[in-house]
Amino acid sequence: MTDYRERIEQTVDERLKGYKDLALQIHEKPEVSNYEFFASETLSNQLKKEGFEVKLDVAGHRTGFDARYKSQKDGPVIVFYAEYDALQGLGHGCGHNLFGVTSSLAAVGLKSVIDEVGGEIRVYGTPGEEGGENGSAKGSFVNKGFFDDVDFSLGAHPGYKHEATRTSLAVAPVSVEFFGKSSHAAAAPEKGINALDAVISVFNNTNALREHLTDDVRIHGIITDGGLAPNVVPDYAKALFYLRANYKPTLEELYTKFENIVKAASLATGAEYKFGLFQNWVDNTVPTPLFDEVYEEVLNTYGEEFTPIDIYKSGGSSDVGNISQVVPVIQPHISISDTEIIGHTEGFKLAAKSEKGLDSIGLGAKVLAQTALELILNPERLKKIKEQHKQNIKEQL
């Protein structure tokens, strides 16, 4: 075990400078969902050089990739997932330039011993974690079977402090469109069908619904198209909503109730409607604490500790939740700043290219790789993690 760990550390240390450079290059060229061409090419090309077999344009995502290295010796199938998208108008204010590089280097570190310990390593390049055009790619990877034969998955998200994997809310990003009939709003209003009235009805009836929802539910929306002139009855109107809930089953019920509101608005106004997801459905994250314990043990050997948190309290969403519904997964936070930083801000963006931020690549790669190594060498521990994951999935139903 010690020899394997030392080899992983040596591999990571030898390559760290080059991977830091990759993180800075990606930071300097921020790309949003479905347009992460540079980041996807940079990471996938590097993995090719490291001996991985790489496929591009996978799972319905032109900037996604699937990199694999399989040992001739039997063992678990392990996925390190890589995020590399940026925020619209801000850049890498969530540190994904570090995330994707860290996952890739962790896979390379584990590859240095995989032929001896057994198993298969995969790096899934998953675009658009922040949403956007064809966003939340992890949902596509799950839906298209990329995790069907996977034993466990792991990644580490940049943050202020080291923290364990926490829950996240399930979210359905839905689009509501109404198609009416234009007419002069003063001279012949009776000949028109007001699509904007239908959208407004959706907002009003949603507010009436809130009284009868559980406290974890969140519904928030915007009107993206409401007409062009006040004296013309709008024949087209559109709104986007995020429907959120603590658990996938709750969100499924909410989705049905919300669609009924849309149908009612259509009946009330006479406007035809179109309703559905405009991005991937994002499931809630189901933590597996026994898995985080392994990561924490390895982290402690480097003199670092988790900051205690309530892992069942979260107000955000992440498509890592889709992975967590099918296999055990961890996404702990790894510290990239000694002073408090908040995600999606200029301060976080600066930390993502700081000295500590870049150093987190080496730490994260070593800890992730050695966490995976522990589960390869200790199948009984992996079995207990799988059992806990299965039980936690049942308890949310």
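**Exercise 1.** List the residues in contact with Leu-154, leaving aside its neighbours within four places in sequence.

*Solution.* Contact means heavy atoms within 4.5 Å. By that rule, Leu-154 is in contact with Ile-78, Val-79, Phe-80, Tyr-81, Phe-291, Val-329, Ile-330, Leu-368, Thr-371 and Ala-372. The model is predicted: local features need pLDDT of at least 70 and side-chain atom pairs count only at pLDDT 80 or more, while totals for chains, interfaces and linings use all residues. Residues are numbered from 1 along each chain as its sequence is written, and side-chain values use heavy atoms, with hydrogens and water left out.

**Exercise 2.** State which residues touch the most other members of the largest nonpolar core.

*Solution.* Start with the terms. Buried means under 20% relative accessible area, exposed over 50%, and partly exposed in between (1.4 Å probe, protein chains only). A nonpolar core is a set of buried Ala, Val, Leu, Ile, Met, Phe, Trp, Tyr and Cys residues joined through side-chain atoms within 4.5 Å. The largest one has 63 residues, and Phe-52, Phe-80, Leu-110, Leu-154 and Tyr-295 touch the most other members. Helix H10 gives this core its largest share, eleven residues. Another core, of 28 residues, lies apart from it and includes Ala-198 and Phe-241.

**Exercise 3.** Compare the expected span of helix H11 with the distance between its end C-alpha atoms, then find its buried residues.

*Solution.* Helices (H or I, at least four residues) and strands (E, at least two) are DSSP runs, numbered from the N terminus. The expected span is 1.5 Å times one less than the number of residues. For the 17 residues of H11 (379-395) this gives 24 Å, and the end C-alpha atoms are 24 Å apart, which agrees. The buried residues are Arg-381, Leu-382, Ile-385, His-389, Asn-392 and Ile-393. Seen down the axis, they fall within an arc of 115° (taken from the directions from the axis to the C-beta atoms), so they line one face of the helix. On the other side, Pro-379, Lys-390, Lys-394 and Glu-395 are exposed.

**Exercise 4.** Classify the aromatic pair of Tyr-124 and Phe-146.

*Solution.* Rings of Phe, Tyr and Trp (its six-membered ring) pair if their centres lie within 6.5 Å; planes under 30 degrees apart count as stacked, over 60 as edge-to-face and the rest as tilted. The count comes to 17 aromatic pairs. Tyr-124 and Phe-146 have 5.7 Å centre to centre and 85° between the planes, and the pair is edge-to-face. Both residues are buried.
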